[in-house]
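Colleague: I'm new to reading protein models, and I'd like to learn by asking. Could you walk me through this one?

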Amino acid sequence: MEQKWVVFSLEENTYGIDVQSVRSIERLQPITRVPNAPLHVKGVINLRGVVTPVIDLRLRLGYEEIEPTDETRILIASLNQGDAGFIVDRANEVVESDEVRIEPIPESSRDMISAHLTAIAKGEDKLFSLLDANALFEEQYAE
């Protein structure tokens with residue numbers, strides 16, 4: 001079965017999330033803060049009548065916070081606990097599995113690399129890390 005990933009950027013780094021879990025890609029919209037939430041949990045949005053939590057992936061993955069740009073997007077993902085939004089710097093493209101070779105994360109790097117990473121995708125002109133969206137969301141309050 002052919003796999004596809006929605007590929008997005010945080011700074012100069014590129015990541016992918018399984019396209020089947022991505023419901024939509026939205027422009028940044030007003031976010032209502034949630035009291036006492038971790039810094040990377042930006043709050044909630046009302047998306048077509050559904051209250052959806054939003055996580056800033058920059059902060060979640062250890063990048064510095066920046067001001068949003070015209071390219072900033074919210075990836076709405078369907079997760080085990082329901083829908084959640086992930087703020088990314090830029091949504092780039094959808095990549096199909098025949099364009100890349102999937103390689104496991106090297107054993108020597110596993111301890112240094114976050115539990116959210118599942119593999120590395122390499123293509124002729126592509127290299128991106130595959131993320132587990134459920135792990136990113138489920139561990140949101142663990143810090």
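Modeller: Sure, let's take the overall layout, then the rings, the charged pairs and the pocket.

Colleague: Before we start, what kind of model is this?

Modeller: No experiment to picture here, just a model to read with some care. Local features are taken from parts with pLDDT of at least 70. The model itself is predicted.

Colleague: How many helices and strands does the protein have?

Modeller: Walk along from the N terminus and you pass β-β-β-β-β-α-β-β-β-β-β-β-α. So the symbols in that run come in two kinds, α for helix and β for strand. Count them up and you get two helices and 11 strands.

Colleague: What share of the residues is buried?

Modeller: A residue counts as buried if its relative accessible area is under 20%. The protein has 143 residues, and the buried part of them comes to 43%.

Colleague: On to the rings. How is the pair of tryptophan 5 and phenylalanine 128 arranged?

Modeller: A search of the whole structure turns up two aromatic pairs, so let's take this one. The ring centres of tryptophan 5 and phenylalanine 128 are 6.3 Å apart, with 65 degrees between the planes. Planes over 60 degrees apart get their own label, and for this pair that label is edge-to-face.

Colleague: How many residues apart in sequence are the parts that this pair ties together?

Modeller: Tryptophan 5 sits in strand β1, residues 4-10, while phenylalanine 128 sits in strand β11, residues 127-131. Both residues are buried. Because the two partners lie in those two strands, their pair ties together parts whose separation in sequence is 123 residues.

Colleague: And what arrangement do phenylalanine 8 and tyrosine 15 have?

Modeller: Both phenylalanine 8 and tyrosine 15 are buried. Their ring centres lie 5.9 Å apart and the planes make 25 degrees. An angle under 30 degrees decides the label, so this pair is stacked.

Colleague: Now the charges. Why can side chains of opposite charge pair? And how many salt bridges are there?

Modeller: Opposite charges can pair up when the charged atoms come close. For a salt bridge, the nitrogen has to be within 4 Å of the carboxyl oxygen. In this structure the number of salt bridges is 11.

Colleague: Which strand holds the glutamate 96 that bridges to lysine 4?

Modeller: Glutamate 96 and lysine 4 meet at 3.8 Å, N to O. Lysine 4 has 33% relative accessible area and is partly exposed, and glutamate 96 at 26% is partly exposed too. The bridge links parts of the chain 92 residues apart: lysine 4 is in strand β1, and glutamate 96 is in strand β8.

Colleague: Glutamate 26 and arginine 48 also meet in a salt bridge. Is arginine 48 buried or exposed?

Modeller: Their side chains come to 2.8 Å, N to O, and the partners are 22 residues apart, with glutamate 26 in strand β3 and arginine 48 in the loop between β4 and β5. Glutamate 26 has a relative accessible area of 13%, so that residue is buried. Arginine 48 has 62%, so arginine 48 is exposed.

Colleague: Which residues are joined with Arg58 into one network?

Modeller: Start from the bridge between aspartate 89 and arginine 58, at 2.6 Å, N to O. Arginine 58 is in helix α1 and aspartate 89 in the loop between β7 and β8, so the pair ties together parts 31 residues apart in sequence. Both are buried, with arginine 58 at 4% and aspartate 89 at 11%. Salt bridges that share partners join Arg58 into one network with Glu11 and Asp89.

Colleague: How far apart in space are lysine 126 and valine 100?

Modeller: Lysine 126 is in the loop between β10 and β11, and at 18% relative accessible area this lysine is buried. Lysine 126 and valine 100 are 26 residues apart in sequence. In space, C-alpha to C-alpha, the distance is 7.5 Å.

Colleague: Last one: which residues are closest to the centre of the largest pocket?

Modeller: That pocket has a volume of about 210 Å³. Its lining has 13 residues, and they divide into six nonpolar, one polar and six charged. The closest to the centre are Asp56, Ile66, Glu67, Pro68 and Ile87.

Conventions
Residues numbered from 1 in each chain as written. Predicted model: local features only at pLDDT ≥ 70, side-chain atom pairs only at ≥ 80, totals over all residues. Heavy atoms only, no water. 1 Å grid on protein atoms, 1.4 Å probe; cavity = no way out; pocket = protein on both sides within 12 Å on 5 of 7 lines; lining within 4 Å. Points joined across faces, edges and corners; volume = space filled by probe spheres on them. Nonpolar A, V, L, I, M, F, W, Y, C, P; charged D, E, K, R; others polar. Phe/Tyr/Trp six-rings, centres within 6.5 Å; stacked < 30°, edge-to-face > 60°. Helix = DSSP H or I, 4+ residues; strand = E, 2+ residues; numbered from the N terminus. Buried < 20%, exposed > 50% of the residue type's maximum accessible area, 1.4 Å probe, protein only.
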